[in-house]
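Subject: Structure handover and notes

Dear colleague,

Please find below the structure I promised to pass on to you. My notes on what I found follow directly after it.

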Amino acid sequence: MDEPEKKKKAPKGLSEQDILNRATIGLSKSQNFTISDIEQKRVAGLRLYNRDPFPGDKRVEGRSTYVTSDTFDNVEWLLANLMQLFDAQERVVQFSPSGPEDEALAEQQTDVVNFVVTQGNNHALVLHDWLKNGLIAGLGIVTAEYYREKTWKPARLLEGVGMNQLMELATSENEEIVEAGEPYPAPGMEAIPGMELRDLKVRQARISSRVRISTLPLEDFLVSKDAHFDYQTGGITAALQGYKRTLPRAELLEMGYDAAKVEKIPAAASDPSDYSQERNRDQGHTDGTGDVEEEVEVYEIFMRLDANGDGVRELLHLTIGGAPSGGSVLLGHEEVEYAPFAAFVPYMMPNSLNGMSVGDLVGKDQRLKSMFMRGIDDNLRQVLRPQRIVQGDGVNIDDLLNSGPDDIIRVTDKDALGYNTTPFVGQQAFPMVQMLDQSIEHRTGVGPNLMGVDASQLQNTTATAASQRQTMSGLRVELMARMFAETGYRYLFRVVTSLLMANMADTQSMTMKLRGNWVPYGTDQWDPDLDIKTNITFGITDKPQKLAAARGILEQQMFAMERGAPITGIDKVYNTLALITENSGFKNPERFWNDPAKMQQPEGPPQDQQSDPEAQAAQAKMQAEMQKMQIELQMKQAQHQAEMQMERERHKQRMQLEWAKFEAQQAMRQQEIGAETQLKGMQIMSQQNVQPQIRDVE
């Protein structure tokens with residue numbers, strides 16, 4: 001007899017306590033890894049940036065403790081280069097359609113997501129902090145979250161409110177009655193029952209919903225030691241990633257978490273990290289807790305768990321109150337599509353999230369250069385303040401010890417006080433300092449010799465060689481920017497798109513305000529996995545060469561179109577003009593040129609232009625108009641240059657005329673002064689001649 005079939009067991013999911021146990025174990029390991037292995041490396045980079053004294057400097061007395069600013073200088077130079085690359089575009093990222101049916105959707109997503117990132121948030125400030133954290137500490141993290149906030153406007157007084165309006169205000173979700181006055185009869189209707197009015201104080205709600213992008217403090221970000229970049233999305237792949245924040249207990253209740261669980265969370269203790277103390281050392285803020293309300297620690301953790309028991313590990317967002325060491329509470333959990341952490345690593349290491357910072361690259365050279373500069377400083381001080389040689393019996397020691405620049409030192413013998421002259425040999429260290437400067441510039445790709453061209457270099461170096469040197473060094477910066485564009489920056493747009501998909505009603509309303517229309521796609525068709533293309537204009541180090549090349553391409557395109565060659569088209573010409581416009585420093589090319597792809601196309605099936613005389617005539621007319629436009633543009637430019645030259649000549653003539661007038665006036669004034677002087681002299685002489693002479697009487 002066959003064995004009875006075993007009944008299939010229903011999948012058994014994880015309880016809240018099971019989820020909490022697994023999360024706290026991973027959280028503890030991630031904290032230990034971050035504090036022990038990563039934080040001290042970040043602190044070292046920040047100390048180099050701040051030019052803090054080196055270990056052991058406090059024990060040195062009477063010697064220089066000067067620290068060079070190499071890490072600070074290179075961080076700021078790199079930051080300026082990267083900011084110019086990523087903040088100079090109108091559409092920094094573009095969604096490319098998978099097929100013709102996705103073109104409208106891709107265009108809509110591009111407009112909306114770029115608006116949210118660059119204008120819905122302070123794009124420049126987010127970029128600045130994101131990039132600067134990465135350059136100083138080797139890792140910069142931003143997070144994105146969708147939030148709805150309800151605030152109240154100040155109460156206003158409504159007089160003479162009837163019963164119907166009163167009921168509407170009492171049941172409204174966006175208005176609240178703060179205070180109600182006593183009822184009084186409506187004027188002229190005293191005899192009618194129920195016709196009463198009230199004076200009310202009413203406040204109105206202000207509801208805002210948006211995607212908020214913010215930079216995380218590095219000491220609050222937690223990640224497991226297996227973390228590395230995902231080759232597909234550019235995000236972080238890790239067994240656990242998340243961050244810690246300290247919030248007032250009352251704020252958790254306002255966010256809707258269970259009051260009983262919130263009360264179980266232990267109060268946050270003061271345990272500032274070394275990195276936080278170093279960053280806030282000059283500001284006096286070294287404690288992560290607040291001084292007004294009781295605060296608790298909250299951990300937002302993202303990890304994969306098979307919570308429902310279906311055999312598949314989903315990516316869960318866990319909100320845990322309290323430190324993992326004890327007393328933690330699972331406040332909530334939900335399944336999400338992406339972990340909202342986008343990373344910037346300036347000098348990436350393969351298969352690892354933990355790369356190198358600027359301090360890692362130049363730290364050793366900065367310390368060695370500081371030692372040379374300290375030696376020069378000490379030597380120069382000895383030259384400027386030589387040691388005094390004193391014969392005790394011949395010098396008043398009290399005068400010597402308390403002497404100032406103008407004080408007198410009493411001596412009984414002029415030879416009793418002398419000086420030990422120290423020769424200055426610091427110039428022997430200058431070649432080593434210059435060699436270290438070159439080494440640092442070669443490592444980072446930026447530096448004073450690469451930011452501009454020195455006049456002395458032009459005497460010994462051709463313009464081409466100088467340009468090649470700057471271009472090759474700039475490739476280091478562009479490599480960093482390219483990796484950032486393809487990893488964290490690109491992933492940020494995926495996260496924002498996912499958040500907009502999850503809140504499609506608000507997204508549709510925002511899109512209508514932004515674009516004036518809404519492409520009626522379903523929520524599942526808003527796809528963050530569309531081909532994302534970064535529109536960062538690389539090649540900024542040789543922009544003049546690129547502009548010249550683009551203008552040459554435009555001339556060849558216009559020549560081909562005039563000859564009717566099918567190797568180019570009006571859309572290709574637009575791309576060239578857009579490239580010239582963007583490289584000229586203007587963000588939006590559509591302010592200057594009409595995109596042929598957005599121009600209204602005639603309805604009906606396309607016709608063969610080779611056999612359609614009307615199409616050929618239209619093409620010839622378009623070519624003639626473009627040629628005419630180009631000629632007119634050249635004529636306007638020539639006219640403008642001629643007008644400018646004429647204006648300069650007129651200005652020069654006016655200046656010469658004014659100067660001639662001034663010289664003539666001065667000459668006339670001098671003649672007048674001479675005449676007046678001569679006249680006064682004659683008057684004085686005449687007075688002296690007519691004055692009677694008085695003589696003594698004998």
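I begin with G138, which counts as buried because its relative accessibility is 4%, under the 20% cut-off that the term requires. Please keep in mind throughout that this is a predicted model. G138 lies in the loop that leads from α4 (123–137) to β2 (140–152), and, leaving aside residues up to four places away in sequence, G138 touches N133, F344, V345, P346, G355, M356 and S357. The C-alpha atoms of G138 and D360 are 8.4 Å apart in space, although 222 residues separate the two in sequence.

A second buried position is D220, which sits in the loop between β6 (196–215) and β7 (221–223). What is the nearest side chain of opposite charge to D220, and how far away is it? That side chain belongs to K244, at 4.4 Å, and D220 has no salt bridge; the reasoning rests on the cut-off, because a salt bridge needs a side-chain nitrogen of Lys or Arg within 4 Å of a carboxyl oxygen of Asp or Glu. K244 is nonetheless among the residues that D220 touches, together with G242 and Y243, when residues up to four places away in sequence are not counted.

Turning to the helices, the axes of α3 (residues 103–118) and α14 (residues 488–502) come within 10 Å and cross at roughly 105 degrees, which means that α3 is roughly perpendicular to α14. On the α3 side the contact is made by Q109, V112, V113, N114, V116 and V117, and these meet L492, F493, V496, T497 and L500 in α14. Sorted by character, the residues of this contact comprise 8 nonpolar and 3 polar ones, with no charged residue.

Finally, two backbone angles deserve a mention. Most residues other than glycine have a negative phi. R51, which is not a glycine, has a positive phi near 60 degrees, and R51 is placed in the loop between α1 (16–50) and α2 (70–86). N351 is likewise not a glycine and has a positive phi of about 60 degrees; its place is the loop between β14 (341–344) and α9 (358–384). Are these two residues buried or exposed? R51 counts as partly exposed because its relative accessibility is 35%, whereas N351, with a relative accessible area of 60%, is exposed.

With best regards

Conventions: Residues are numbered from 1 along each chain as its sequence is written. This is a predicted model: local features need pLDDT of at least 70, side-chain atom pairs count only at pLDDT 80 or more; totals for chains, interfaces and linings use all residues. Side-chain values use heavy atoms; hydrogens and water are left out. Helices (H or I, at least four residues) and strands (E, at least two) are DSSP runs, numbered from the N terminus. Buried means under 20% relative accessible area, exposed over 50%, partly exposed in between (1.4 Å probe, protein chains only). Lys and Arg count as positive and Asp and Glu as negative; His and the chain ends are not counted. Contact means heavy atoms within 4.5 Å. Axes are lines fitted to C-alpha atoms, for helices over the stretch in contact, and angles run from 0 to 180 degrees between N-to-C directions. Angles under 35 degrees count as roughly parallel, over 145 as roughly antiparallel, 65 to 115 as roughly perpendicular and the rest as oblique. Ala, Val, Leu, Ile, Met, Phe, Trp, Tyr, Cys and Pro count as nonpolar, Asp, Glu, Lys and Arg as charged, and the others, Gly among them, as polar.
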